[in-house]
Amino acid sequence: MEEMMALRCKYCGAPLDGDAVKSDSPYVTCSSCGTTQQRIDAQAYLNQLMGQVRSWVNQAMPGGFSMAQSQNVDSVARHNIFMTSFKPRIDMEYTTYKFGMNNLLSQVMMVMPFSVNTGLKANHTSTQAFEFGAKMNEISPLAVSDDTTRIMDEVSKTTDAYALLINNCELVREDKPGRYVLMANNFGIAATDFSKVPGYEPAQLRMEGLAELCNGCELLLNGDIASAFGKFNAGKAKLQEASSKTAGNFKVAIMGQAVLQEIKQANALIELSEYVNSMGSSKEVFDAVRRIFTFTYPATGNWAFLLGNQDRLAEIFSNMSECVRSRTGKGNIKIAAGSGNILVPFWHINLKYSFQTGSLWKKRSVEVDEVLLVSADFVIDSSCLSNPRQAVTDVFSIKGSNGLFAGLTGSETSISNSQGLGGLVESAAENSAGGRNIIIPLSTRKEAERIAENYVDAVSRVEDKLRLSNPDVAELIFIPFERDGNKLRAPPAFGNLVPGRIRNTNLDQLIIL
Ligand SMILES: [Zn+2]
């Protein structure tokens, strides 16, 4: 009953903190949704809420009884009132709240810095869920047996946790300062709620883990990288424990996949803090990080899912860290020979194919090893995603006047070698960037493999004499280009194989160290 005296936030229905309530200020700020309101409005909302709660109780209460007198009624009678008048209603309402909570638990609840998550949806408003909790509080004197106390505990704790998590659904929709403090607060109280409900230990661990990640993000944004790093690791450990305990626990099994995704987010945050740390947390670094998080990738066909997945960020930050280390002389990246002043990232891909040559009675099959280079920032270019030939050194585009591939009609050497690309790729060796700028690779190895496969498919459709094998991603290499305003000039070794992507490049859109 005491809790009911706390003022309630008129925006989300959460009980307001004791400190806020006791202060003399005419304004109070909700520590769950973050909204500041006038004290008299919070008081008015509390009065309205209690009116609704009492009318709900009075409707269910058998004639002649009132909650105010319930202390004077013997415990058997109280138990009977609870079981016959309230339990059926509670069961019915709680079923929909529990369904809503499970739905929420099945989704990824973390949001990365600088980004928003508009996909996280709840079936109820937090006001509804907090109001249901207030009803449970009001009738708690009727729960007198161990059984009914346990039911009431579970109902009120899970609904309270649900209401707090609904508030987080709102907080992840907008990149507002201070949101991680509120989210950590909500996750933390939800963890305490879940700790009191048997079978919900994995949910408790998950909430504790998410609270750590949120606290880490707040520290990171404030420039305290060392402390952030510790929080991210602690959060990841909690999430891993939650994940291992989720398997085989039917109450929370629904959250299994979401927790795995959140572990990947934790990895990305760990990579991110390592990256920021390796560079020193300057404004330049935060700008680069912000751009990585806020890139709007083209939503082209089945690429939309792959590029919208935040687990790719861990690999991008890891590659970015390598670039930073190379730039600052603390590490090496694979750099090809050449005199250009800006290092452009490419995925080196090995491609084998065979084709028939010779006249009718001297036909033979020729096997060729080809080097393919994929522009490592192809993911931000929709023309590459819809036409993979734009993203690569398109060796099969080079044809002689007779329609056969140039270079394949005579001594059957590979096309890339005849253009000089083979030698360029072979020259790549571990090196520091020296004074040269580096363009940050924006694609992952998996994405490079995907675009190379799409390329092979596209070629196979039009060149029926070729038998192409699966492309094999070897490594990421950096090739020196010349910078020309916001354009790139390719080294001569590319010959006629400069990818369409390079011609489309606008350096202003890329992250350059
Ligand atoms: Zn609120």
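Colleague: Why is the contact between Asp147 and Arg150 called a salt bridge?

Modeller: In this predicted model, the closest N and O atoms of Asp147 and Arg150 are 3.3 Å apart. The cut-off is within 4 Å, so the pair counts as a salt bridge.

Colleague: And where do Asp147 and Arg150 sit along the helix?

Modeller: They are 3 residues apart in helix α5 (residues 146-171), so about one helical turn separates them.

Colleague: What makes Asp147 partly exposed?

Modeller: Its relative accessibility is 47%. Partly exposed lies between under 20% for buried and over 50% for exposed, so Asp147 falls in that middle class.

Colleague: How do you know that Asp91 and Lys87 form a salt bridge?

Modeller: Their closest N and O atoms are 2.9 Å apart, and that is within 4 Å, so the name fits. Asp91 and Lys87 are 4 residues apart in helix α3 (residues 75-105), about one helical turn.

Colleague: Is Lys87 buried or exposed?

Modeller: Lys87 has a relative accessible area of 18%, which is under 20%, so it counts as buried. Asp91, at 33%, is partly exposed.

Colleague: What about Asp175 and Arg179, why is that a salt bridge?

Modeller: The N to O distance there is 3.5 Å, within the 4 Å cut-off, so Asp175 and Arg179 qualify. Arg179 has a relative accessible area of 2%, so it is buried, while Asp175, at 37%, is partly exposed.

Colleague: Which residues are joined into one network by salt bridges that share partners?

Modeller: Glu93, Glu131 and Lys135.

Colleague: And how many salt bridges does the structure hold?

Modeller: It holds 22.

How values were computed: Residues numbered from 1 in each chain as written. Predicted model: local features only at pLDDT ≥ 70, side-chain atom pairs only at ≥ 80, totals over all residues. Heavy atoms only, no water. Salt bridge = Lys/Arg side-chain N within 4 Å of Asp/Glu carboxyl O. Helix = DSSP H or I, 4+ residues; strand = E, 2+ residues; numbered from the N terminus. Buried < 20%, exposed > 50% of the residue type's maximum accessible area, 1.4 Å probe, protein only.
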